[in-house]
Amino acid sequence: MQFLDEFKKGLMWGMLTSVDLFECNPKKIRSKQDIKEYVKQLCKKIDMKTFGETIVVRFGKDKRVQGYSMTQLIETSLISGHFAENTNSAYLDIFSCKYYNAEEVEDFSKKFFEAKKSESNITFRKMPEAAKNKLLDIPNSKNWFFESIEFNQGRALALKAKQLYSTQSSFQKIEVYNTNSFGKMLVLDGAIQLTQADEFAYHEMIVHPALNTHPKTEKVLIIGGADGGTARETAKHKTIKEIHLCDLDKKVVLTSKKFLPFTAAGLKDKRLSVFHKDGFKFLKEKENYYDVIIIDSTDPIGVGKILFSSKFFKLVFNSLKKDGIMVNQFQSMFYEKKLIKEITKTIKKIFPKFWYYYTLVPSYPSGTIGFGFASKKHSPLNPKNKNIKDLKYYNLEIHKASFVLPKFMEKIV
Ligand code: SPD
């Protein structure tokens, strides 16, 4: 779960779990006594110390909201609840700067109020970046950028950089920097996504090996890739009739259009349609549709994690035609051996053919990044020369060479 590790390490201020309960036992939500008992038992279960009395009051002239409301201060923050008699629902919030098991809260609350259905959402409350960096021991040099995820692992690339923009979308933190040596840089949740100086090495290599392998690509889906770089390279193939791009986060598209015109140019192609939808739902509606699917994702933490799951790869498989190809961003072979091994196993259970290949991207802290090449039929080892123009990194020799792996990787994949 996004940020859970950081929270457990003390790098988040707190967590708020909002639990919605539907079709509760009408008697229970109408009983002051039961509501008080709920608070008592819940605090015991999740090890929270109450501070003062449980306040339960009944108000609300409007029928829609009529019922009891409850608040209970706890030493580490607050529990509150609203009990809507009109619909027999309950809305509970558990905010604490001490860790607790949110699933346990939902299960317990559901059982206690005998609800037929429940839903819950967790929001992690953040610390100011400076305080977090202090805890992580990230050097506090004002005009230097250190990738916080990498720093966590005890390594980082330092770039002299000035922040141009920072915002929090519903999914992630989006930042744009102007670096001294790599030009403009896009950072998502603390991880470098691209820089102006070397993004071509990533984007050309996530696209052209698959498109120069598939004999006749007409329909391509890009999952992620909201900055437009992958779409820009895909659009260089004139045989392609339809390019779909599905990325949850509209704010990344808007940010890229404003600050990163060199990649966002790819979002202007007439054959391209952009969808801001959940990739899972999107794929379910597109069975047996695409020739090539490219997963241009962030790292397998936070919003990107699900894009490395077996369930997701199965959907991708089903959305590809019978000779389809999937390419996915697949981490650094020097830093992520264990993860690459596990996920390769997963992909190989779904696709009949699999290769790992890589490119060089100096602004990624490892200097290299790999890709998975999963195919239903075609092998990438004999690429076709499709005469693609305006390339800075890719050529047929690089294509072939990128599939030749160091000895330690041969064992892993
Ligand atoms: N460790 C960072 C990996 C970033 C991969 N995504 C790049 C997106 C560029 N379109």
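So, helices and strands: this chain has 15 helices and 18 strands, and please keep in mind that what we have here is a predicted model. The C-alpha atoms fill a box of roughly 75 × 50 × 40 Å along the principal axes. The chain has 413 residues, and 52% of them count as buried. If you take contacts between residues at least 6 apart in sequence, 64% of those join residues at least 24 apart. As for the outside, the accessible surface comes to about 20300 Å², with 51% of that belonging to carbon and sulfur atoms.

Now let's talk about charge. The chain carries 68 positive and 46 negative charges, and the mean positions of the two groups are 3 Å apart. Where do Lys-314, Lys-341, Lys-345 and Lys-349 gather? They form a patch of positive charge on the surface. Helix H13, residues 337-350, gives the most to this patch, with three residues. Lys-314 lies in helix H12, which covers residues 310-319, and is partly exposed, with a relative accessible area of 47%.

On to pairs. Side chains of opposite charge can pair when their charged atoms come close. In this model the count is twelve salt bridges. One of them joins Glu-23 and Lys-117, whose closest N and O atoms are 3.8 Å apart. Glu-23 sits in the loop between strand S1 (12-22) and helix H2 (26-29), while Lys-117 is in strand S6 (residues 117-126), so this pair ties together parts that are 94 residues apart in sequence. Glu-23 itself is partly exposed, at 39% relative accessible area.

Here is another spot to look up on your screen. Which residues are linked with Glu-233 in a network of salt bridges? They are Glu-199, Arg-232 and Lys-236. Glu-233 meets Arg-232 at 3.0 Å, N to O, and Lys-236 also meets Glu-233 at 3.0 Å, N to O. Is Glu-233 buried or exposed? Glu-233 counts as buried because its relative accessibility is 1%, where the cut-off for buried is under 20%. Arg-232 is buried too, and so is Lys-236, with a relative accessible area of 18%.

Let me finish with Arg-64. You'll find Arg-64 in the loop between strand S2 (55-59) and strand S3 (67-74). Arg-64 is exposed, with a relative accessible area of 62%. Leaving aside residues up to four places away in sequence, Arg-64 touches Ala-84 and Asn-86. And Phe-7? Arg-64 and Phe-7 are 57 residues apart in sequence, and their C-alpha atoms are 36 Å apart in space.

Note on methods:
Residues numbered from 1 in each chain as written. Predicted model: local features only at pLDDT ≥ 70, side-chain atom pairs only at ≥ 80, totals over all residues. Heavy atoms only, no water. Patch = residues over 30% accessible without salt bridge, like charges linked within 9 Å, V, L, I, M, F, W, Y side chains within 5 Å. Areas by Shrake-Rupley, 256 points an atom, 1.4 Å probe, with all protein chains shown as cover. Salt bridge = Lys/Arg side-chain N within 4 Å of Asp/Glu carboxyl O. Lys, Arg positive; Asp, Glu negative; His and termini not counted. Charge placed at Lys NZ, Arg CZ, Asp CG, Glu CD. Helix = DSSP H or I, 4+ residues; strand = E, 2+ residues; numbered from the N terminus. Buried < 20%, exposed > 50% of the residue type's maximum accessible area, 1.4 Å probe, protein only. Contact = heavy atoms within 4.5 Å.
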